[in-house]
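Open the model in your viewer and keep the selection panel at hand. The tour goes stop by stop.

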Amino acid sequence: MQDSRPIGVFDSGIGGLTVVKALREALPNESIFYLGDTARVPYGNKSAETVGRYSVEMVEMLVSENAKVIVVACNTASSLALPKLKADFSLPVIGVIEPGARAALAATRNRNVGVIGTRATIRSGSYEKALRSLDADLRVNSRACPLLVPLIEEGLLDDDVTDRVIARYLEPMITDGIDTLVLGCTHYPLLARAIARFLGNKIAIVDSARNCAGAVRDLLDRDSLRTLDKNSGRLQVALTDSADNFLGIAREALQLEIGKVQLREVPHGVRTP
């Protein structure tokens, strides 16, 4: 049996394209429908109630595209809305936090793990909970990095300003002795080169996007949802508002081939969150 329906992926902006890139590499035959909520980015400085409402609206739009599984390619939404999405929708829903936590546990040698993310993700304590559910004695050093997403959305991936912000955020974590750093926002892999340059080769970097793609592959296999037709996978991208530098970042940083980007209006009030 096979299922040729697309994988539905959503994020608050362009960051979830890092998950799309990883999915394309892990599952080249699968079609993907990506929805970026660029009209309301970022989610990381909004309340849990607002993030929950936005997330429900995004999933409703992906369901209308006949998605067979939903990938919440946003750490903030995964932190604050995943249980509700799993309860409210009948199709499988997978987030990025648990796969990232498992990868961090496998990578750490001194059991001192750093996590960077948006204010909402860090405030939720989601990574600490996920990590300590795997190892109760693990030390978790978390830090909100609210300036990174705007820098990425502006395309400042290799810029002195970005380098200085990275150093400001990460220096205390290095001093504290972390040996593993979780990029707890799907935007952050776009800065992986700059972050690695600052950290050097003694601190492992865990990319939640890549680990999420592996979890999606396992889910499709487990639920018999794989597409078996070779070379059938295609990528469709829709945004809730235009993004001037969206295509440039996708092409240059991720080498993603994106055709015509669709614009979609959010159907407010479709479902009560």
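Where is N66 found? Select N66: it is in the loop between α2 and β3 (69-72). The model is predicted, so treat every value on this tour as computed from it.

**Stop 1: two positive phi values**

Stay on N66. Its phi is near 65 degrees, a positive value in a residue other than glycine. N66 counts as partly exposed, because its relative accessibility is 44%.

Now jump to R111. It is located in the loop between α4 (97-107) and β5 (112-117). Phi of R111 is near 60 degrees, again positive in a residue other than glycine. With 38% relative accessibility, R111 counts as partly exposed.

**Stop 2: the whole protein**

Zoom out and colour by secondary structure. The protein has 11 helices and 10 strands. Along the principal axes, its C-alpha atoms fill a box of roughly 50 × 40 × 40 Å. The radius of gyration is 18 Å, and a compact globule of 273 residues would have one near 19 Å, so the two agree.

Switch on the surface. The protein exposes about 12000 Å², and carbon and sulfur atoms supply 47% of that area. Of the 273 residues, 54% count as buried.

Then turn to contacts. Take those between residues at least 6 apart in sequence: 77% of them join residues at least 24 apart.

**Stop 3: a cis peptide bond**

Select V41 and P42. The peptide bond from V41 to P42 is cis, with omega near 0 degrees. P42 is found in the loop between β2 (32-36) and α2 (48-64). Keep P42 selected for the next stop.

**Stop 4: the cavity**

Which residues line the largest cavity? P42 is one of them. Add D11, S12, Y43, G44, C74, N75, T76, T118, V149, C185 and H187 to complete the lining. About 60 Å³ of space lies inside this cavity. A search of the whole structure finds 1 cavity of 30 Å³ or more. By residue type, the lining of the largest cavity divides into 5 nonpolar, 6 polar and 1 charged.

**Stop 5: the largest pocket**

Move on to the largest pocket, which holds about 420 Å³ of space. It is lined by 22 residues, and the closest to its centre are L82, K86, G95, E98 and P99. Centre the view on those five.

Which elements each supply at least two residues of this lining? Show α3 (75-88), β4 (93-94), α4, α6 (126-134) and α10 (208-222). The largest share comes from α3, with 5 residues. Colour the lining of the largest pocket by type: 11 residues are nonpolar, 4 polar and 7 charged.

**Stop 6: the second largest pocket**

Next, find the second largest pocket, with a volume of about 160 Å³. Select L157, D158, P189, L190, L191, A192, R193, A194, A253 and L254, which line it. Two or more of these lining residues come from each of α9 (192-199) and α11 (246-254). Show α9 on its own: it gives the most to this lining, with 3 residues.

How does the lining of the second largest pocket divide into nonpolar, polar and charged residues? Colour by type once more: 8 are nonpolar, none is polar and 2 are charged.

Definitions and conventions. Residues are numbered from 1 along each chain as its sequence is written. This is a predicted model: local features need pLDDT of at least 70, side-chain atom pairs count only at pLDDT 80 or more; totals for chains, interfaces and linings use all residues. Side-chain values use heavy atoms; hydrogens and water are left out. On a 1 Å grid over the protein atoms alone, a cavity is a set of points where a 1.4 Å probe fits but cannot get out, and a pocket is an open set with protein on both sides within 12 Å along at least five of seven lines; lining residues have an atom within 4 Å of a point. Grid points are joined across faces, edges and corners, and a volume is the space filled by probe spheres set on the points. Ala, Val, Leu, Ile, Met, Phe, Trp, Tyr, Cys and Pro count as nonpolar, Asp, Glu, Lys and Arg as charged, and the others, Gly among them, as polar. Helices (H or I, at least four residues) and strands (E, at least two) are DSSP runs, numbered from the N terminus. The radius of gyration is taken over C-alpha atoms; the globule rule is 2.2 Å times the number of residues to the power 0.38. Buried means under 20% relative accessible area, exposed over 50%, partly exposed in between (1.4 Å probe, protein chains only). Contact means heavy atoms within 4.5 Å. Accessible areas come from the Shrake-Rupley method with a 1.4 Å probe; for residues, only the protein chains shown count as cover.
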